[in-house]
Amino acid sequence: MRRRKVRFIDIAEAARVGIATVDRVLNERGPVSPQTADLVLGAARRLGLNRALPERYQRRLRFEALVYRPDTFLDPDTDERAVQRRMDTGVWPRLERALIQAGIRYQGELILNRTFMDSYEPEEYATRIRLAARRNDGLILMAPENALVRKSIDVAVEEFGIPIVAVVNDIMPSRRSAFVGIDNRRVGRSAAYFISGFMERPGGIIISAGRLSYRGNRERVRACVDRLGQLAPGVSDAVIVEGLDDFELTRSVVLDALVGNPGTTGIYSAGGFNRAIARAIGQARPAHRVVFIGHELTDGSRSLLRKGRMDLIFDQNPEVQTDRAIQHLLYDTGRLDSRPDDAPIPFTVHGPDNTETVL
């Protein structure tokens, strides 16, 4: 006599749960409590369900990314101050897209929430870190380096036992479990190498630092200045300006530096806002060519490269950073057997003829 096929409704009745719960357990859709999952799997085995069953039920992890992202800026292509939008000014828009894509890619294993911080106030970051630590299994953090932020990381790790991974900008000393990002000293030295090679005449250098409160930006600036002293001893002291992640302020401080230093032959943007710097160069109308090297391959910087208004772009590949940060959290929560690579993420170099991102 042929045995009757075991149906989901049979398992549901035996385990005293709903059919939807059986579906979530057997197809590993989650979320279901471990106790309920054990009931469903036990009933399926007793009834002789003819299919591969999960060896053990693992609930979906909950991770959250707390990421600094500047507030809305003025559109650089219009003089209408009422028109505002978020622009491709730096790493933030691509990091945002990478987090969204990662949430979709890993949706069977985890829930990836995203919180974007317009404020730069350390107190707000500290509060958000504490709140996020209570409700998540791990955090991805792109935040300013500050004593209050460092302390909030340490408290979150100690009280809640969750791993915290810093991306883009390291936050040390702290109890973060890993840093995922490029070697900022190496990229700063590379900027000096290319600027000194591209310059057509001796002159001054302007470095737009974004925010020097970011460890990564400080490392880029210092490494560039030190390497320039070795490669181009005839170059005068670098003029360092901060745009504080603001389009108009970046344009203004770079324009003032260009006007005040007419012998400038090179600009290195260690932060973002390449379009603001390109606009400042155009407004200053230098009498000679100014080499312009910056960071982050975006639609705006691609256009500047192709039009000859920028010479080179260093890209820190935020998509790769996001994926490795998640891998670190999965390892720290026991879902991966091998620790991911701790080596810096490779940065890529782009000119007018190679403006594609490397994923």
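**Note on His295, strand E11 and the salt bridges**

1. The side chains of His295 and Tyr268 make a polar contact of 2.7 Å. A polar contact here is a pair of N or O atoms within 3.5 Å; within protein, one must be able to donate a hydrogen and the other to accept it, and residues adjacent in sequence count only if both atoms are side-chain atoms. A second polar contact, at 3.4 Å, joins the side chain of His295 to that of Arg220.

2. The model is predicted: local features need pLDDT of at least 70, side-chain atom pairs count only at pLDDT 80 or more, and totals for chains, interfaces and linings use all residues. Residues are numbered from 1 along each chain as its sequence is written, and side-chain values use heavy atoms, with hydrogens and water left out.

3. On confidence, the mean pLDDT (the predictor's confidence in each residue, from 0 to 100) is 89 for the protein, and 91% of the residues score at least 70. The lowest confidence is in strand E3 (residues 84-85), with a mean of 36, and the highest is in strand E7 (residues 178-180), at 98. Residues 72-76 fall below 50, and this stretch has 22 contacts in the model beyond near neighbours in sequence. Residues 78-86 are also below 50, with 17 such contacts. Contact means heavy atoms within 4.5 Å.

4. His295 belongs to strand E11 (residues 291-295). Helices (H or I, at least four residues) and strands (E, at least two) are DSSP runs, numbered from the N terminus. His295 counts as buried because its relative accessibility is 1%; buried means under 20% relative accessible area, exposed over 50% and partly exposed in between (1.4 Å probe, protein chains only). Apart from neighbours within four places in sequence, the residues in contact with His295 include Val187, Ser269, Ala270, Gly271, Asn274, Ile313 and Phe314.

5. E11 is largely enclosed by the rest of the structure, because 5 of its 5 residues are buried. Val291, Ile293 and His295 point one way from the strand, while Phe292 and Gly294 point the other way. Strand E10 (residues 264-269) pairs with E11 in the parallel sense over 3 bridges, where pairing requires that DSSP finds at least two bridges between two strands. Tyr268 stands opposite Ile293 in E11.

6. Just after E11, Glu296 lies in the loop leading to helix H11 (299-306). Its phi is positive, near 80°, and Glu296 counts as buried because its relative accessible area is 4%. Asp245 has a positive phi as well, near 60°, and sits in the loop between strand E9 (239-241) and helix H9 (247-260). Asp245 is buried at 9% relative accessibility. Most residues other than glycine have a negative phi, and most peptide bonds are trans. The peptide bond from Met172 to Pro173 is cis, with omega near -5°; Pro173 is in the loop between strand E6 (164-167) and E7.

7. How many salt bridges does the structure hold? There are 20, a salt bridge being a side-chain nitrogen of Lys or Arg within 4 Å of a carboxyl oxygen of Asp or Glu. One of them pairs Arg105 with Asp323 at 3.3 Å, N to O. Arg105 is in helix H4 (residues 91-105) and Asp323 in helix H12 (residues 318-332), 218 residues apart. Both partners count as partly exposed, Arg105 at 49% relative accessibility and Asp323 at 25%.

8. Glu200 and Arg289 also form a salt bridge, with the closest N and O atoms 3.9 Å apart. Glu200 lies in the loop between helix H7 (184-198) and strand E8 (204-208), and Arg289 in the loop between helix H10 (274-284) and E11, so the pair ties together parts that are 89 residues apart in sequence. Glu200 is exposed at 63%, whereas Arg289 is partly exposed at 37%. Elsewhere, salt bridges that share partners join Glu145, Arg150, Arg215 and Arg218 into one network. Within that network, the closest N and O atoms of Glu145 and Arg150 are 4.0 Å apart.

9. In helix H2 (residues 19-26), Thr21, Val22, Val25 and Leu26 are the buried residues. They are on the same side of H2, because they cover an arc of only 120° around the axis, the arc being that of the directions from the helix axis to the C-beta atoms. These residues pack against helix H1 (8-15) and helix H3 (34-47). Glu28, which follows H2, has a positive phi near 55°.
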